[in-house]
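Please open the model in your viewer and keep the sequence panel beside it, since the tour below moves from one selection to the next.

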2 protein chains.
Amino acid sequence: MPTKARRWVLASRPQGKPKLENFRLEEITLPDLGEHELLIRTEYHSVDPGMRSRLSSASYAAALPLGETIDSAMSGIVEASNNEKFKPGDRVTGGFGWVSHAISNGRGIQKLDPALYHGKLRPTAAIGVLGIPGLTSYFGLLDLGHPEEGDTVLISSAAGPVGATAGQIAKMKGCTVVGIAGSKDKCDYVRSLGFDRTINYREASDLRAAIAEACPGGVDIYFDNVGAEMLDAAILNMNEHGRIVVSGQVSEYNRADNELHGIRNVTRFITHRLRMEGLVVFDYFKDFRAAQTEMAGWIHEGKLVYTEDISAGLENSAKAFIGLFEGENHGRRLIKVS
Amino acid sequence: MPTKARRWVLASRPQGKPKLENFRLEEITLPDLGEHELLIRTEYHSVDPGMRSRLSSASYAAALPLGETIDSAMSGIVEASNNEKFKPGDRVTGGFGWVSHAISNGRGIQKLDPALYHGKLRPTAAIGVLGIPGLTSYFGLLDLGHPEEGDTVLISSAAGPVGATAGQIAKMKGCTVVGIAGSKDKCDYVRSLGFDRTINYREASDLRAAIAEACPGGVDIYFDNVGAEMLDAAILNMNEHGRIVVSGQVSEYNRADNELHGIRNVTRFITHRLRMEGLVVFDYFKDFRAAQTEMAGWIHEGKLVYTEDISAGLENSAKAFIGLFEGENHGRRLIKVS
């Protein structure tokens, strides 16, 4: 019997903030499974702000073509398999996007290891704290930030999945950690994770001064998920030899190429010997397994906490994505599909 | 008999481009030499664009106070000495600024080593290619740029002393080197140094496209002396894992804090895993001697060429400095004082 599936595709390219009309939910009929293929039913898919840049400019090499499935991580259950490495009932993760079902030849999907996934480590962690966001925190902070005991680490979008994890790892490394978030609730949450201090940027009339007050000894590492004015304000508070980890630039994603804000304070790179470096976590692919094992250990020991913000129903994917740019989410945003 | 000396001081803080009225040439009478002191007669002093930032904002920690001597490197001859380490006739360098004579207690000045300074290596090289500009090229390119054989290296202000030296070192490392300069003459000069290609930015209506044409395989290292629009155009041509060495930002030096241009394309740091790092050459102080010895070897072998742009007369120092921001100079700008 043919499988009916639903998927979200790119209907039109957003100008500025994405709108519902830029997305379309389609029903399709999946073909029969071929040799070595398996059918996966999605349990959860992720909703990622970084996806925004791929929706824009058709000139960008990685731009998503119109009519294509919106990309994301997903975790699901194998329903049928012609592949000897997978059997029905196996729990797997892959990058199939906002879909109810996917057919795979087995490449690029991972079986969840039951030795890791139990107790505090829920299967959803595979597309969150042990997936791309958590790995971004881990490699960004450790490999680009080089945290040393006593360093002051400033983190923007501190209540988001990347910032929250980066801050907890920085605490384990003996740093003083200051988080920036957009509401009192988020700031309370961030402090509950062990951050030393928080800045509610919506209440700060002068972000540079607010950072100076929260980081009286200056900033050694700025782990940036936001960009633009917030990055500029952080630069003016960096200590000599400070490191800026460019993890995300969410305040720029909805801007056209000719509207990008960027930063003004490049001369500071000379006077303060600053380093700024961008991160694409897939460059660390060969080290993923070791990092995931270490982070899983921290989670089981209770040293690393993760929070998920789960909406039910594939029909809500686009709305959940749009809400990311309103600062709605609290932790890793996921859609529970089935 | 008391020594009459002349010196240039900061008369007022420039707004925008510096003007003659911001500087004042004074005559002073130097005190008699104290214990361990020596009197140096300036032969040459340097004229440095990087000095501009110290003339501005009184709020900047390193700002030069009004009435103070304008800072620069100088080379001169010891005229009298109460210091057993120096004797009259010794040739020395130090940081005494735009002055005809200076009194020193011997700290921070260096005697020129006759084993290095002969033949192609003139004494003026001590405040040029073996001084701060050349050392900036050396450590910026090698320590921050990490040139590898086959890399494409793009250099702005390529006819200036920092860019010209950086380009020649990059050629020795097996790189393809492209220089940006502001006239046909400068471009001809830059190619005569062995640069593979040049871009005359005054004739390029679209700098991004001009760089793309000159660097068809993209840019691996951008050695930046200019900043702002030129830096932004370079960023759009960087290859993945490209390195940006922030050596100077001459297009920003005449701008007030609230007029800085900076860069727009920070999102590229993520998509292209870029690294941007600023340089203060004094951080490498302990390695200066080894670098100078290596560069002196290259000069004697004819592998590294340096050009000086020398004006006669201390009365011309301010005019020569102002001309730097008009792109007048060709190589290291020096004033021959006596």
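**Where the two chains meet**

Begin by displaying chain A and chain B together in this predicted model, and look across their interface, where 10 residue pairs are in polar contact, both residues of each pair being at pLDDT 80 or more. Next, colour the side of chain B that touches chain A by element: β12 (238-246), α7 (267-271) and β13 (275-278) of chain B are the elements that each give two or more residues to that side. If you recolour this side by residue class, you will find 13 nonpolar, 10 polar and 6 charged residues.

Widen the selection to every residue in contact between the chains, and you will have 29 residues of chain B against 29 residues of chain A. The area buried between chain B and chain A is about 2,600 Å², and carbon and sulfur atoms give 61% of that area. Now pick out Arg264(B), Ile270(B) and Arg273(B), which together supply 22% of the area that chain B buries against chain A, more than any other three residues.

**The paired strands**

Select residues 275-278 of chain A, which form strand β13, and show β13(B) alongside; the two strands pair in the antiparallel sense over 3 bridges. Which residue of β13(B) does Arg275(A) stand opposite? Arg275(A) stands opposite Glu277(B), and the two also form a salt bridge, with their closest N and O atoms 3.0 Å apart. Across the interface of chain B and chain A, the rule finds 4 salt bridges, whereas a search of the whole structure finds 46 over all chains.

**Within chain A**

Hide chain B and view chain A by itself, where you can trace 9 helices and 15 strands. The radius of gyration of chain A is 20 Å, close to the 20 Å that the globule rule gives for 338 residues, so chain A is as compact as a globular protein of that length. Rotating the C-alpha trace of chain A onto its principal axes shows a span of about 65 × 45 × 35 Å.

Finish at helix α4 (residues 184-192) of chain A, where Lys184(A) and Asp188(A) are separated by about one helical turn because they lie 4 residues apart in this helix. Lys184(A) forms a salt bridge with Asp188(A), and the closest N and O atoms of this pair are 2.9 Å apart.

Note on methods: Residues are numbered from 1 along each chain as its sequence is written. Chains are lettered from A and ligands numbered from 1 in the order in which they are written. This is a predicted model: local features need pLDDT of at least 70, side-chain atom pairs count only at pLDDT 80 or more; totals for chains, interfaces and linings use all residues. Side-chain values use heavy atoms; hydrogens and water are left out. Contact means heavy atoms within 4.5 Å. Buried area is the accessible area (1.4 Å probe) that two parts lose on being put together, summed over both. A salt bridge is a side-chain nitrogen of Lys or Arg within 4 Å of a carboxyl oxygen of Asp or Glu. A polar contact is a pair of N or O atoms within 3.5 Å; within protein, one must be able to donate a hydrogen and the other to accept it, and residues adjacent in sequence count only if both atoms are side-chain atoms. Ala, Val, Leu, Ile, Met, Phe, Trp, Tyr, Cys and Pro count as nonpolar, Asp, Glu, Lys and Arg as charged, and the others, Gly among them, as polar. Two strands pair if DSSP finds at least two bridges between them. The radius of gyration is taken over C-alpha atoms; the globule rule is 2.2 Å times the number of residues to the power 0.38.
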